[in-house]
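Here is a short report on one protein chain. Please look at the sequence and the structure first.

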Amino acid sequence: MLSEVRELRGQGRSPKEIARALGVSPAVVAPLVRAVAAEKAAGDAGPGRAELVGCWVSAGWSVGLTIDASRQWPDPAPEGDRAAGMVSVLVARRHGYDNTLVCGYLVDTYCLGAKNAFGPQVMSELELRRWREFFFGDYSAGWTEAPIELAADLVFGGVEYARGLGFEPHQDYARCADHLGPWEGPSAITFGRDGKPFYMSGPDDDHRKVIRTLERTLGDASKFDYFIA
């Protein structure tokens, strides 16, 4: 439905006209129209040009990774986090006078790269605070404020690492990538668990396909580790 709203909005249709065309109520169409407006605003602003309101990553993000010591990036809970290897990143930029434009990313830093992406979504600052609580709700250690350079290295670097293993990012990643701003690389992070690809199966994964891809890319099963839940 979002793609249909995008197309009709591009034709200059009003929200009420779009609702009639799709046979749904205006209340259903309204958030989709806002999402289309957010996409356009993000495109008009250019990659990462809007003022940064906040950037957060899940605490424990560095477990199993090797980071260039000169960066001194914070991680208040680097030991024993149960979600080690699965890192969430949330970035908010200014959108108009009193709103923010928000994107979120779920990154498997050990193997698959960007497993999911969210946004861009327009939120008030109150909505952003509530969403942040929800977004990081599965992490026992919560979240930590982070420089945008760390967020970009985690997301872009994770995608680059995964592509080298034969995996493309989630389909929604492309529309969220510019929100992080420009990135030239290489990443200051060495991905993989202790430098070696490690795959832990998720509930929506085709784990057989993932393992076949790793075997095909690396050529030797001893070059990666995996755990099937």
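The charged end of Arg-193 sits over the ring of Phe-198, at 3.8 Å from the ring centre. A charge counts as over a ring if NZ of Lys or CZ of Arg is within 6 Å of the ring centre and within 35 degrees of the ring normal. The model is predicted, so local features need pLDDT of at least 70 and side-chain atom pairs count only at pLDDT 80 or more, while totals for chains, interfaces and linings use all residues. Residues are numbered from 1 along each chain as its sequence is written, and side-chain values use heavy atoms, with hydrogens and water left out.

**Aromatic rings**

A pair of aromatic rings is described by the distance of the centres and the angle of the planes. Here rings of Phe, Tyr and Trp (its six-membered ring) pair if their centres lie within 6.5 Å; planes under 30 degrees apart are stacked, over 60 edge-to-face, and the rest tilted. The count by this rule is 10 aromatic pairs. One aromatic cluster is formed by Phe-118, Trp-131, Phe-134, Phe-135, Phe-136, Tyr-139 and Trp-143.

Phe-136 belongs to that cluster. Its place is the loop between α4 and β6 (143-145). Helices (H or I, at least four residues) and strands (E, at least two) are DSSP runs, numbered from the N terminus. Is Phe-136 buried or exposed? Phe-136 is buried, because its relative accessible area is 2%. Buried means under 20% relative accessible area, exposed over 50%, and partly exposed in between (1.4 Å probe, protein chains only). Phe-136 and Val-89 are 47 residues apart in sequence, and their C-alpha atoms are 8.9 Å apart.

**The largest pocket**

Rolling a probe the size of a water molecule over the atoms shows where empty space is left. The search uses a 1 Å grid over the protein atoms alone. A cavity is a set of points where a 1.4 Å probe fits but cannot get out; a pocket is an open set with protein on both sides within 12 Å along at least five of seven lines. Lining residues have an atom within 4 Å of a point. Grid points are joined across faces, edges and corners, and a volume is the space filled by probe spheres set on the points.

The largest pocket holds about 970 Å³ of space. Its lining has 34 residues; Met-86, Leu-106, Lys-115, Asp-138 and Tyr-139 lie nearest the centre. Tyr-139 is also part of the aromatic cluster. The lining divides into 18 nonpolar, 8 polar and 8 charged residues. Ala, Val, Leu, Ile, Met, Phe, Trp, Tyr, Cys and Pro count as nonpolar, Asp, Glu, Lys and Arg as charged, and the others, Gly among them, as polar. Elements that each supply at least two lining residues include β3 (86-95), β4 (99-108), β5 (113-124) and α4 (125-135). β8 (198-200) and α7 (207-218) also do so.

**Backbone geometry**

Most residues other than glycine have a negative phi, and most peptide bonds are trans. Where is the cis peptide bond? It joins Gly-119 and Pro-120, with omega about -5 degrees. Pro-120 lies in strand β5.

Gln-72 and Asp-194 each have a positive phi without being glycine. Gln-72 is exposed, because its relative accessible area is 70%. Asp-194 is exposed too, at 65%.

| Residue | Phi | Loop |
|---|---|---|
| Gln-72 | about 50 degrees | between β2 (66-67) and β3 |
| Asp-194 | near 55 degrees | between β7 (189-190) and β8 |

**Domains and distances**

The assignment gives domain 1 (1-45) and domain 2 (53-228). Such bounds come from an automatic or database domain assignment. The domain centres, taken over C-alpha atoms, are 30 Å apart.

Leu-8 lies in helix α1 (residues 2-10). Leu-8 counts as buried, because its relative accessibility is 12%. Its C-alpha is 46 Å from that of Leu-218, 210 residues away in sequence. Gly-23 lies in the loop between α2 (15-22) and α3 (26-45). Gly-23 is exposed, at 67% relative accessible area.
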